[in-house]
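Colleague: I've got a model open and I'd like to talk it through with you. Can we put it up and go over it piece by piece?

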Number of protein chains: 2
Amino acid sequence: MEAEIIAVGTELLLGDILNTNAQFLSRELASLGINVHFQSVVGDNPERLESVVNLARSRSDLLIFSGGLGPTQDDLTKQTVAHAFGDELRFDEEELEKIRGFFTAWGRTMPENNRRQAYVPVHGRKIENHNGTAPGMIFEDTRAPGKYAVLLPGPPYELQPMFLDTVRPWLASMTHSALHSETLRVMGVGESHLEEKIGHLLENENPTAALYAKTAEVVIRVTARAKTEDEAKAMCEEYAKKFYDILGDKIYARGDAPIEHTVVRVLKEAGATVAFAESCTGGLVAERLTNVPGASAVFGYGACTYANEIKEKMLGVRRETLEAHGAVSSETAAEMARGVRRVSGATFGVGVTGIAGPDGGTPEKPVGTVYVSLATATDTYVQKLVLTGRTRATVRQSSAQHALDLVRRAALGLPQPAARRFDPDGPAHWNDDNTALRDV
Amino acid sequence: MEAEIIAVGTELLLGDILNTNAQFLSRELASLGINVHFQSVVGDNPERLESVVNLARSRSDLLIFSGGLGPTQDDLTKQTVAHAFGDELRFDEEELEKIRGFFTAWGRTMPENNRRQAYVPVHGRKIENHNGTAPGMIFEDTRAPGKYAVLLPGPPYELQPMFLDTVRPWLASMTHSALHSETLRVMGVGESHLEEKIGHLLENENPTAALYAKTAEVVIRVTARAKTEDEAKAMCEEYAKKFYDILGDKIYARGDAPIEHTVVRVLKEAGATVAFAESCTGGLVAERLTNVPGASAVFGYGACTYANEIKEKMLGVRRETLEAHGAVSSETAAEMARGVRRVSGATFGVGVTGIAGPDGGTPEKPVGTVYVSLATATDTYVQKLVLTGRTRATVRQSSAQHALDLVRRAALGLPQPAARRFDPDGPAHWNDDNTALRDV
């Protein structure tokens, strides 16, 4: 089945709103194994809408419309589609009562305009809207059975439940093949390095696998097509194993949740807590962690220590360290991590210091130079990040991402990527030399 | 000039990414007075891409493409458009050197694939990309002069500067009527209340004015159409005054920059500094402020004090206060603000405590109950926010927004919206009673 998605709305063409419906519907159709070949947006203009509908009808079997069903938009979308699909509209008393009911519940009188929303297809079917006044509808082409148009209201909180409750099950019953996708999230291996390691797994036909580079992480999506959802799922499962065999604990999670969700979970499982001392990230690491509901079980204190005096006063970073090595140095990062661990009593302390830019870089320490450090009861690790050529926001996000991964690895008892280990008994002394620092 | 926007990318058709470029480009074209009649998305498929290009060429004068210029995508988009517009591609040594330069700066070797990005139009022109390897390009139809295709790279941080620096000025010089927009950003007045106050100003024909509700703020966009940019600008200026007359200092800034940019600027101008003590926002206030380049001039310390012990230890919040009133109370918020001001030595201290959800609410203090407080040398203000029915992320963003506005008002010496004033000589005593608390 070949599908296309058509949004009707001048506000999209003016850029006033973002077309999130297209993303939602595309993802849903992909998960049903339905190929989406086109997305379009057209305004509330009869000729242009008609041309888009006719073209779509000529090249696709399934047309999914969003928007254009509001009370102020005439019946343009409904009428144009009904006409193209050889159907007509009838007035539906039952629907009118529902619409009136919404207004009564809101304590308002129904405006006359909303009567228009009670027109539904004669041959096609209406779809109930539990979250708004405009019913959805499905037209089947009377001259070309097996060709469908689905009309959904524009507001996402109306469109999404309507799609999930009614349209998705109906499409699932029609498509005989099912698709399942698994997303693997990978930290600590660059995209090109990753391609070398797993490139051969990206050539497969079914399941397919694809890489997507995100900020300081890469996402692998494995998608299998089979007769049933269960079968497709099992195929994904098996194929995902191949990635685990190569990448092991570099895969930090499955699914859509960012790394902070994994960090909260593994800290809880380990019965451990974490504290942050942030300079260039300015609270971003704490902000991300506390974005996870329930973070309070594993997190008590984060210090955004921007000023040097504050690093000394609140974390006990030594003035000599700051003077000898600078605020952006592995030594300062390590003392920040140890300091915040000590004052907070957390299991792990994390320090982040660097130059986020756009100003403040030097030839020795250009913008994008960042040190992230993790302190445990016995050890301190520092990882140097070289994030040159990035924006301030990206430097900060990448740094936060790497800091969170140090915590994940510590909570799981995995070896740390940074080779530099800090000797807790002699804070200015390093167990091994600078060359062992790993640039990321 | 009739335009359409075409995004090339299978990842959009799969719903993996959101088409933010379409919104950006639509808004920009609208501000130039160029009508966008269609937006489309097509995948990396030669036949379908060709059909989209030919259709667009037949119905529009200006085609703006985003994406399809990456090193792994062959030269499909370039070649298809060049062919449709009667142009050809040539290999550009200079461009190759630039691309190589990017890889050198990243400390990597250029993969062979990237050579493809050095092909540019023979008759058309290339557009320099300062943020990535793929140059943009402009084709003029050799068989129908005055018809253009503009190709831009997909990543927004490459596309946006390229559009603003090169494409926008070029389009502005071609369109003879100019549009100018001014954005006014408003804090501390709800959308419906705002509509009552300024509704009559939203009915105008030229300039037009429209309201957009954002998280804890409202944006007013004034747009004027005139013969010249200067004339349109002057019309906007004059119309904007009408909003200032009514809203005064509730308008915190013009333009697109969020409130933290205003806060950094007004603090600098006042020679003042700020420190944050955050509970439910977990670092978000500090993170937002430090997102502004140069924030270090006005910010030294932010404490994310999630745990009660940490509130006591790091900020000196009294145990009795926590026990008598709870961590989410105006009293605790006030002591957090005073405490962080004291330990940091900042001019202003800010405290934020609340229930972000989804759990942790009670009948007395439901999810969305937040107290934001600001301490100066002499006074402490507390504002209670009632943000019920919102998501965790929205509660946090709204709280941060209100906290930042307290700082803005303090730095400007404006009266605070919160009626509750805290007596610094008797921390458990309030100057006025609970009923004076203003709910927002």
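Modeller: Sure. One term before we start: two strands count as paired if DSSP finds at least two bridges between them. Also keep in mind that this is a predicted model.

Colleague: With that in hand, which residue is the bridge partner of Ser40(A) in β2(B)?

Modeller: β2(A) and strand β2 of chain B, residues 35–42, run antiparallel. Five bridges join them, which passes the cut-off of at least two. Within this pairing, the bridge partner of Ser40(A) is Ser40(B).

Colleague: Which strands stand at the edges of the open sheet that β2(A) and β2(B) belong to?

Modeller: The sheet has 12 strands with mixed pairing, in the order β6(A)-β7(A)-β8(A)-β3(A)-β1(A)-β2(A)-β2(B)-β1(B)-β3(B)-β8(B)-β7(B)-β6(B). Each edge strand has a single partner, so one side of each is left without a neighbour in the sheet. Those edge strands are β6 (125–127) of chain A and β6 (125–127) of chain B.

Colleague: And by how many degrees are neighbouring strands of this sheet turned against each other on average?

Modeller: Here the direction of the strands is ignored. Taken that way, the average turn between neighbouring strands is 15 degrees.

Colleague: Moving along the sheet, which residue in β3(A) does Ile6(A) stand opposite?

Modeller: Strand β1 of chain A (residues 2–8) and strand β3 of chain A (residues 62–66) run parallel and are joined by five bridges. Across from Ile6(A) in β3(A) stands Phe65(A).

Colleague: How many residues of the side of chain A that touches chain B are nonpolar?

Modeller: The contact involves 51 residues of chain A and 51 residues of chain B. Among the elements of chain A that each supply at least two residues are α2 (20–31), β2 (35–42) and α14 (392–412). By class, chain A's side has 21 polar residues, five charged ones and, for the nonpolar class, 25.

Colleague: What word describes the packing of α3(A) against α4(A)?

Modeller: Helix α3 of chain A (residues 46–59) and helix α4 of chain A (residues 76–84) pack at about 40 degrees, with their axes 10 Å apart. The residues in contact include Leu49(A) and Val53(A) from α3(A), and Thr80(A) and Val81(A) from α4(A). The crossing is right-handed. That angle makes α3(A), relative to α4(A), oblique.

Colleague: In chain B, at what angle does helix α4 run to β8(B)?

Modeller: Helix α4 of chain B (residues 76–84) lies across β1, β3, β7 and β8 of that chain. Helix α6 (residues 156–174) of chain B packs on the sheet too, and its direction makes about 140 degrees with that of β8(B). For α4 of chain B, the angle to β8(B) is about 170 degrees.

Colleague: Which residue in the turn between β10(B) and β11(B) has a positive phi?

Modeller: These two strands pair in the antiparallel sense over seven bridges, and Lys214(B) has Glu217(B) as its bridge partner. They form a hairpin with two residues between them. The turn residue with a positive phi, about 60 degrees, is Ala216(B).

Colleague: Last one: how many residues of domain 3 of chain A are in contact with domain 2 of chain A?

Modeller: Domain 2 covers 178–254 and domain 3 covers 259–436 in the domain assignment of chain A. Their centres are 30 Å apart, taken over C-alpha atoms. Domain 2 brings eight residues to the contact, divided into four nonpolar, two polar and two charged. On the side of domain 3, the count is 11.

Note on methods
Residues are numbered from 1 along each chain as its sequence is written. Chains are lettered from A and ligands numbered from 1 in the order in which they are written. This is a predicted model: local features need pLDDT of at least 70, side-chain atom pairs count only at pLDDT 80 or more; totals for chains, interfaces and linings use all residues. Domain bounds come from an automatic or database domain assignment. Two residues are in contact if their C-beta atoms, placed from the backbone, lie within 7 Å. Ala, Val, Leu, Ile, Met, Phe, Trp, Tyr, Cys and Pro count as nonpolar, Asp, Glu, Lys and Arg as charged, and the others, Gly among them, as polar. Helices (H or I, at least four residues) and strands (E, at least two) are DSSP runs, numbered from the N terminus. Axes are lines fitted to C-alpha atoms, for helices over the stretch in contact, and angles run from 0 to 180 degrees between N-to-C directions. Angles under 35 degrees count as roughly parallel, over 145 as roughly antiparallel, 65 to 115 as roughly perpendicular and the rest as oblique. A crossing is left-handed if the near helix is turned anticlockwise from the far one by less than a right angle, and right-handed if clockwise.
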